[in-house]
Amino acid sequence: MIPILIGVTLLTFMLFNVFGGDPARRFAGKHATPEQVQTIRAELGLDRSLPEQYLFFVKQIVTVDYGRSWASKQLISTMISDGLGATLSLTAPAFFASIFFCIMLALFSVYGRGTILDRGTVVVCLALLSISSLVYILGLQYLLAFQGGIFPISGWDPSWTGRWEYLTLPWIILFVLSLGPNILIYRTVIMDEAFQDYVRTARAKGLAERHIFAKHILKNAMIPIITVIVIEMPFLITGSVLIENFFGIPGLGGTLIKALNDSDFPTIKAFTVISALVYMMFNLLADVLYSVVDPRVKLG
Amino acid sequence: MSQTADTVSSTLPSQALGAAMSSRERNSLWWDALRRFKKNKIGVISFFVIMLYIFVGLMAAVGILYPDAQVPNQAEAYTSFSWAHPFGTDIFGRDILGRAVHGIVTAISIGLLASTLSLVIGLVLGAVAGYFGGKIDGLVVWLYTTVDSIPYILLIPSLTFVLGRGLINVFIAVGLTSWVTTARLVRGEFFKHKNRDYVMAAHAIGAGDRRKIFGHILPNVAHIAFVQFGLGFVAAIKIEVILSYLGLGVDPSQPSWGLMIDDAKNELARPFWGNLTAATLFMFGLILSFNLFNDALREALDPKMKNK
């Protein structure tokens, strides 16, 4: 975990501080005089040697003090904690609803494997995957909000009770977006279980096919399914970047796109490191859970 | 090939050597795969659709189809659907169908170049890690876990941001970041293969590391490369759209489906659907065919599906 973290910080640092041109010049803008650039360079600590700059960056991460955004001058840690609530209220309901729905559908698909229904499910999923996520967002926003007027086009209510009105359409879009990949992955996982020896044994002793699916296969498939879910958890934070941008939701994704547009290096760097940390934590959690659920797996 | 090696060794006692040698080609993994693939109607159809795209793209690239798709014609801005312009014309009066057709060239070049780059990186790193193991393996695993830890929605924009926008930079950014799965899978296969009999045999007749890796083991794990190439191709085209939306994609003067969808976001309120419809349909056809083709390919190459 530590070596990976060092890798992530090194990569981010190299990308922005070494290859990314002179950040001070970008920050100062096109018309800055050399003196102005020099002042900014000193202000941002860019006049120090690269190893020193790197150590400073690492220190920021360890102390969870990411400094201030170049664009808005806000504390980056405040920006992140402010955006987290909005992002989670958007992603979490869609994420869990989709998991439940897709596992059920995948189970039925495997139950009817070889039939036209199963084949059709796969083709529909692949078709869903063949349309750009931008098109879903644009199209559904236009049809249901702009044209249909069923939902507000964009907007936000800071209170927890008032925001659901603005969140319904983004939920629907996230849900639709997740159908293709989720059903396919759960179908693969469940299909793997359906050919195991214990299934044959269950059949041999005369259990009903429905019973085998509901009790035996689903239970055993839960092990890989839980792993998939846990590994996908970082999606809760990074999965809604484009949607937030389209619907004006003040979450992490909107902040990130703004930072990209503003060349706001410290903010992008902080986001990169934090999302990598989250990813690593959930991977570790998946390993731990795996060994808890499946007694055959020993960590070590 | 392990598949071939098994077949040959099992048929040798019962058959004459000559017969075994001649049946060798047709029983190989590849012939089996081809036979299985040909039975899959959806797979065959999608293969021909991809070929059609490539053909139309080539015609556009050499200037036979829609040579003046880039020439603005202000008098005809935002005309609606008509016979002359099936998808209408865009803000500069350019025929949208022509732009979409030229978009094929951009999409296929990004898909091809990005997935080739990522395939080469993934194959080499995965092969070296799996074959040599030890410290080299540790280093490669560290490298790909690091790259994998950063979500692509952050990594790729950051990379294009640093490289600047443009077709070449898009494919470099995508290629440099999407090799992880290939490397991981190839590494695993090399671990399994490196101690097999056929590799030992190659070693015994004096094959060096390079010959064993590239001449013997790699052909046996190449089926992974095929499937990964297809997946990478599709992913690269989809990423281009998002990069174009973020203003980090190909140069705005070039025809690209991503830029057309990006244009559409300001045009829907007019309402003008031409760009969105054309780009989505063209993308849908190519990516769906590729997805179905990949699916058929994976099934055909899966040794578990043999004799089914």
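User: Which face of H1(A) carries the exposed residues Ile2(A) and Pro3(A), and what makes a residue exposed here?

Analyst: In this predicted model, Ile2(A) and Pro3(A) sit on the face of H1(A) that is turned away from its buried side. A residue is called exposed if 12 or fewer other C-beta atoms lie within 10 Å of its own, and Ile2(A) and Pro3(A) are both placed in that class.

User: How do you know that H1(A) has a buried side, and which residues make it up?

Analyst: The buried residues of H1(A) are Ile4(A), Val8(A), Thr9(A), Leu11(A), Thr12(A), Leu15(A) and Phe16(A). Around the axis they cover an arc of only 160 degrees, so they are on the same side of H1(A). As background, an α-helix has 3.6 residues a turn, which means that residues three or four places apart point the same way.

User: What span does H1(A) reach, and what is it set against?

Analyst: H1(A) has 17 residues and reaches 22 Å from its first C-alpha to its last. The expected value at 1.5 Å a residue is 24 Å, and the span of H1(A) is close to it.

User: Where does H1(A) stand in the domain division of chain A, and what does H1(A) give to the contact between the domains?

Analyst: Chain A is divided into domain 1 (2–63) and domain 2 (88–293), with 36 Å between their C-alpha centres. Eight residues of domain 1 of chain A and seven residues of domain 2 of chain A take part in the contact. On the side of domain 1 of chain A that touches domain 2 of chain A, H1 and helix H2 (23–28) of chain A each supply at least two residues, and the largest share, five residues, comes from H1(A). By class, that side of domain 1 of chain A has five nonpolar, two polar and one charged residues.

User: What makes Ser132(A) buried, and where is Ser132(A) found?

Analyst: Ser132(A) is found in the loop between H6 and H7 of chain A. The cut-off for a buried residue is 20 or more other C-beta atoms within 10 Å; Ser132(A) has 24 C-beta neighbours inside 10 Å and therefore counts as buried. Leaving aside neighbours within four places in sequence, Ser132(A) is in contact with Lys238(B), Val241(B), Ile261(B) and Met283(B). Within its own chain, Ser132(A) is 45 residues from Leu177(A) in sequence and 9.4 Å from it in space, C-alpha to C-alpha.

User: How many residues form the contact between chain A and chain B, and which element of chain A gives the largest share?

Analyst: Chain A and chain B each bring 32 residues to the contact. Among the elements of chain A that give two or more residues to it are helix H6 (116–129), helix H7 (133–147) and helix H14 (265–293), and H14(A) gives the largest share, seven residues. The side of chain A that touches chain B divides into 25 nonpolar, seven polar and no charged residues.

User: Why is the largest nonpolar core said to lie between the two domains of chain A?

Analyst: This core has 135 residues, and those with the most contacts inside it are Ala100(B), Trp257(B) and Ala279(B). Helix H5 (residues 96–132) of chain B gives the most to this core, with 18 residues. Domain 1 (2–63) and domain 2 (88–293) of chain A both give residues to it, so the core lies between them. Ala279(B), not counting residues up to four places away in sequence, touches Ala100(B), Gly103(B), Trp257(B), Met260(B) and Ile261(B).

User: Why is H13(B) called largely enclosed?

Analyst: H13(B) is called largely enclosed by the rest of the structure because 23 of its 28 residues are buried. Helix H13 (residues 274–301) of chain B reaches 40 Å from its first C-alpha to its last, close to the 40 Å expected at 1.5 Å a residue.

User: What is the secondary structure of each chain, and what part of each chain counts as buried?

Analyst: Chain A comes to 14 helices and zero strands, and chain B to 13 helices and zero strands. Of the 300 residues of chain A, 32% count as buried, while for the 308 residues of chain B the value is 44%. Among contacts with a separation of 6 or more, residues 24 or more positions apart account for 69% in chain A and for 67% in chain B. The C-alpha trace of chain A spans about 85 × 55 × 35 Å along its principal axes.

Conventions. Residues are numbered from 1 along each chain as its sequence is written. Chains are lettered from A and ligands numbered from 1 in the order in which they are written. This is a predicted model: local features need pLDDT of at least 70, side-chain atom pairs count only at pLDDT 80 or more; totals for chains, interfaces and linings use all residues. Two residues are in contact if their C-beta atoms, placed from the backbone, lie within 7 Å. Helices (H or I, at least four residues) and strands (E, at least two) are DSSP runs, numbered from the N terminus. Ala, Val, Leu, Ile, Met, Phe, Trp, Tyr, Cys and Pro count as nonpolar, Asp, Glu, Lys and Arg as charged, and the others, Gly among them, as polar. The expected span of a helix is 1.5 Å times one less than its number of residues. The arc is that of the directions from the helix axis to the C-beta atoms. Domain bounds come from an automatic or database domain assignment. A nonpolar core is a set of buried Ala, Val, Leu, Ile, Met, Phe, Trp, Tyr and Cys residues joined through C-beta atoms within 7 Å.
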